[in-house]
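Biologist: I keep meeting terms such as "tilted" or "buried" and wonder where they come from. Could we go through some of them together?

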Amino acid sequence: MKIETKARLSFMMFLEFFIWGGWFVTLGAFLPQNLQATGTQTAAAFSTQSFGAIIAPFIIGLIADKYFNAERILGVLHLFGAALMFMMFRSDNFAEFYPYIFAYMVAYMPTLALVNSVSFNQMTDPAKEFAVIRVWGTIGWIVAGVLISYFGWDSTAGLQEGLLRNTFMLSGIASAVLGVYSFTLPKTPPKIPKGEKLSVSDVLGLDALRLLKNRNFLIFFISSILICIPLAFYYQNASPFLIDVGMPNPTGKMTIGQVSEVLFMLLLPVFFTKYGIKKTLLVGMLAWVARYALFAFGDAGSGMYMLLLGIALHGICYDFFFVSGQIYTDSKAGERYKSAAQGMITLATYGVGMLIGFWVAGLVTDHFVNADQTKDWQTIWLIPSGIAAVVTLLFLVLFKEEGVAKEEVMEKVA
């Protein structure tokens, strides 16, 4: 791949995740602070990500893969997203805000697959080339978080002035830039001939359901859905929690999680090949238990180190379970069902699992309130920690160790 092409694709990835990180991280703080949203309403807003994940395969499979170039659809979706971001920026109440965020996530979630398609179409050796480009997405997410704290939008004074609203304008501008920029990207034509029929089963990866006949894979599949329940607590509550306990520059500090994600991604192949799939997945699940326990007992004073450590555990939480899970799924699916199996896991976790998780997190957040109307954060965090502990125990007892080829691990991580 030419250096110019690599630079163009890297900038695309940077903007793609800058846009998401520029508003999603602070959404949990913005909604109650600016729109007086309840925990249930906040959960409904976060759940739009799950609905977007469920609808995305139809947009990609039935439209992008058959009729239009990926880079053109990417451009249209981001321009549409920029307009929706502006409407979210202007919204004054939750009822007005919700339709816009729902439409936005339906438009945005497919772009995650589209940027990958545009990238892979230019690569001769994706196993070696993709990681160098994809890492710029993580950098984009980090830069967005640092900017929010640098501008003071998540500070005590900024919150009182309602400055978190500006995150939507920031992401909207970036979305408009990426929308226009997408039309200049290398051409990525449809993969499927127009005359070829494509079933709903093909689009959603339902052909891979036959993998559930394997007892080990069934246990992994169920565990993946269940572990997404505590995962939803982090997305929904981490930002308002850190703000409530008085952590300075909370959004900037939350980017420590993305830094650790990159670092632990490098350690994953070594750990995976040395200790096997079961121990790797268990470490990932145990990290969720520990992370929420640290949040439950940490504070912005002498317990600050507990909060920072909990944030830093993101790399183990995500890489050791979700990335390892993708590798395991890939190894079980075989050549014929690789894409279908990955689609099925994505639908189950980011679709069904997270949808349940956001609903549970909303109910818990609304229920555990102190007499002075502040949140009982210790109890709120101990609940997902307990859920993760139960899932971990069930997985430990029921899942049997099995091998995964070293070559598959190295290729997937790369």
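Modeller: What follows is a short chat about rings, charges and hollow spaces. This is a predicted model, in which local features need pLDDT of at least 70, side-chain atom pairs count only at pLDDT 80 or more, and totals for chains, interfaces and linings use all residues. Residues are numbered from 1 along each chain as its sequence is written, and side-chain values use heavy atoms, with hydrogens and water left out.

Biologist: Why are Phe51 and Phe102 called a tilted aromatic pair?

Modeller: Rings of Phe, Tyr and Trp (its six-membered ring) pair if their centres lie within 6.5 Å; planes under 30 degrees apart count as stacked, over 60 as edge-to-face and the rest as tilted. The centres of Phe51 and Phe102 are 5.8 Å apart, with 45 degrees between the planes, so the pair is tilted. The search of the whole structure finds 43 aromatic pairs.

Biologist: Which helices does the pair of Phe51 and Phe102 link?

Modeller: Phe51 sits in helix H3 (residues 39-64) and Phe102 in helix H5 (residues 94-120), 51 residues apart. Helices here are DSSP runs (H or I, at least four residues), numbered from the N terminus.

Biologist: What makes Phe51 partly exposed?

Modeller: Buried means under 20% relative accessible area, exposed over 50%, and partly exposed in between (1.4 Å probe, protein chains only). Phe51 has 31%, so Phe51 is partly exposed. Phe102, with 28%, is therefore partly exposed too.

Biologist: And why is the pair of Phe321 and Phe322 called edge-to-face?

Modeller: Phe321 and Phe322 have 80 degrees between their planes and 5.3 Å centre to centre, so the pair is edge-to-face. Both Phe321 and Phe322 are buried.

Biologist: How do you know that Arg134 lies over the face of Phe17?

Modeller: A charge sits over a ring if NZ of Lys or CZ of Arg is within 6 Å of the ring centre and within 35 degrees of the ring normal. Arg134 is at 4.1 Å from the ring centre of Phe17, so the distance fits. Arg291 lies over the face of Tyr234 in turn, at 3.8 Å from the ring centre.

Biologist: What classes of residue line the second largest cavity?

Modeller: Its lining has 4 nonpolar, 4 polar and no charged residues. Ala, Val, Leu, Ile, Met, Phe, Trp, Tyr, Cys and Pro count as nonpolar, Asp, Glu, Lys and Arg as charged, and the others, Gly among them, as polar. A cavity is a set of points on a 1 Å grid over the protein atoms alone where a 1.4 Å probe fits but cannot get out, and lining residues have an atom within 4 Å of a point.

How values were computed. Helix = DSSP H or I, 4+ residues; strand = E, 2+ residues; numbered from the N terminus.
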